[in-house]
Amino acid sequence: MKKVFSRTKGLTEVPFTFCPGCTHGTIMRLIAEVLEELDIIENTIGVSPVGCAGFSQDFFSCDFVGAAHGRAQAVGTGIKRALPHRTVFTYQGDGDIAAIGTQHAIHVAARGEKITSIMVNNAIYGMTGGQMAPTTLTDMKTSTSPFGRDPVTMGFPMDFPKVIAGIPGAAYVASVSVDSPKNIQKTKNAIRKAFKVQQAGLGFSLVSVLSTCPTNWGLTPVDSLQWLRDNMMPVYELGELKMTEEVAQL
Amino acid sequence: MPKAVVIEKYCKSCSLCVDICPKKIMAISDQTNEKGYFVATCIDQDKCIGCALCATVCPDVAIDVYK
């Protein structure tokens, strides 16, 4: 009998500390599997953010650096420029990359830094207790928008990968989801491509992943996935939003 | 014979495997792990087809699949 699915070498034996049903774990597994498949676990340096993913260094087998809130890409830039032969990726939530770290996210793309960023979009601040994020949907209830997000006073949700896709230095931008086995496979393909873009030195690559937060959404894990399909997918465009000609030939 | 094995220390009882299993043979048992979660288990290994959908959706990488 052959083992057809087991824990990848890219992950340590440490159990994830996320809430039950949180898809952070799925996304981390996919990244770790890609690192193993490309045989770059020893070569890779990850940069962890502040937020639920702040414990990343415990879960990945590769090297890790912790950054201040929102500054993961600035730290990643420094690492990549000092050690250009290493593979560098940042793993950030939507609050980290699209609110506190917006300046870095935009300029890292504008400079075309040869790093890879994974953005986890669950439309809410998870670790701090479910506050409204830039990606919170219109009319969505959070602890700081208890009557629903009103665009008149609180603004509109931001489709961040589309913003990055409009910047010339970004070579590859994909928006994917982990709500179903089919989309999980697509997510893995996008992450693999993003790392290959970096290896080929073609520019900045970003993969935005629609994720769930059952605890702060107040739903069961199974209902959360359906909520994501019903509410987030119509707002956040999925697919490969940007691919330069060089990337298409990879 | 295909089989799905839940590694109990990783399971958090989220039920995503129970929902996705096409043969409906995953269930939450009445046994708890060291953290106090009621662990998922395969209740009828004979019916398992080794599709690994349960392992694919498991956010805690708690399922090994053999085929």
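Start with burial in chain A: buried residues make up 52% of its 250 residues. A residue is called buried if 20 or more other C-beta atoms lie within 10 Å of its own, exposed if 12 or fewer, and partly exposed in between, with C-beta atoms placed from the backbone. What you have open is a predicted model, where local features need pLDDT of at least 70, side-chain atom pairs count only at pLDDT 80 or more, and totals for chains, interfaces and linings use all residues. For your selections, residues are numbered from 1 along each chain as its sequence is written, while chains are lettered from A and ligands numbered from 1 in the order in which they are written.

**Chain A, whole view**

Select chain A and colour by secondary structure: you get 11 helices and 8 strands. These are DSSP runs, numbered from the N terminus (helices are H or I, at least four residues; strands are E, at least two). The C-alpha trace spans about 50 × 50 × 35 Å along its principal axes. The radius of gyration is 17 Å, which agrees with the value near 18 Å for a compact globule of 250 residues; that rule is 2.2 Å times the number of residues to the power 0.38, with the radius taken over C-alpha atoms. Turn on contacts, meaning pairs whose C-beta atoms, placed from the backbone, lie within 7 Å. Of the contacts in chain A with a separation of 6 or more, 67% join residues 24 or more positions apart.

**Helix α1 of chain A**

Next, select A 24–37, which is helix α1. Its 14 residues should span 20 Å at 1.5 Å a residue, and its end C-alpha atoms are indeed 20 Å apart; the expected span uses 1.5 Å times one less than the number of residues. How many of the 14 residues are buried? The count is 11, so α1(A) is largely enclosed by the rest of the structure. Among the buried ones are A:H24, A:M28, A:R29 and A:L35. To see what covers them, show elements of chain A including β2 (44–48), β5 (116–121), α8 (181–199) and β7 (204–210). Just after the helix, stop at A:D39, which takes a positive phi of about 55°.

**A:F60**

Now pick A:F60, in the loop between α2 and β3 (63–66) of chain A. A:F60 counts as buried because it has 22 C-beta neighbours inside 10 Å. Leaving out residues up to four places away in sequence, A:F60 touches A:G10, A:L11, A:A32 and A:G46. Draw a distance to A:L250, 190 residues along the chain from A:F60, and the C-alpha atoms come out 27 Å apart.

**A:I164**

Move to helix α7 (residues 160–165) of chain A and select A:I164. With 26 C-beta neighbours inside 10 Å, A:I164 is buried. Beyond its neighbours within four places in sequence, its contacts are A:A105, A:A109, A:A170, A:V173 and A:L206. A:A109 is 55 residues from A:I164 in sequence but 6.7 Å away, C-alpha to C-alpha.

**Across to chain B**

Finish on chain B, which averages a pLDDT (the predictor's confidence in each residue, from 0 to 100) of 95. In chain B, 100% of the residues score at least 70. For the complex, the predictor gives an ipTM of 0.96 and a pTM of 0.96. Select B:A55, in helix α2 (residues 53–57) of chain B. Is B:A55 buried or exposed? Its 24 C-beta neighbours inside 10 Å make it buried. Neighbours within four places aside, B:A55 is in contact with B:I63, B:V65 and, over in chain A, A:F5.

Definitions and conventions. Two residues are in contact if their C-beta atoms, placed from the backbone, lie within 7 Å.
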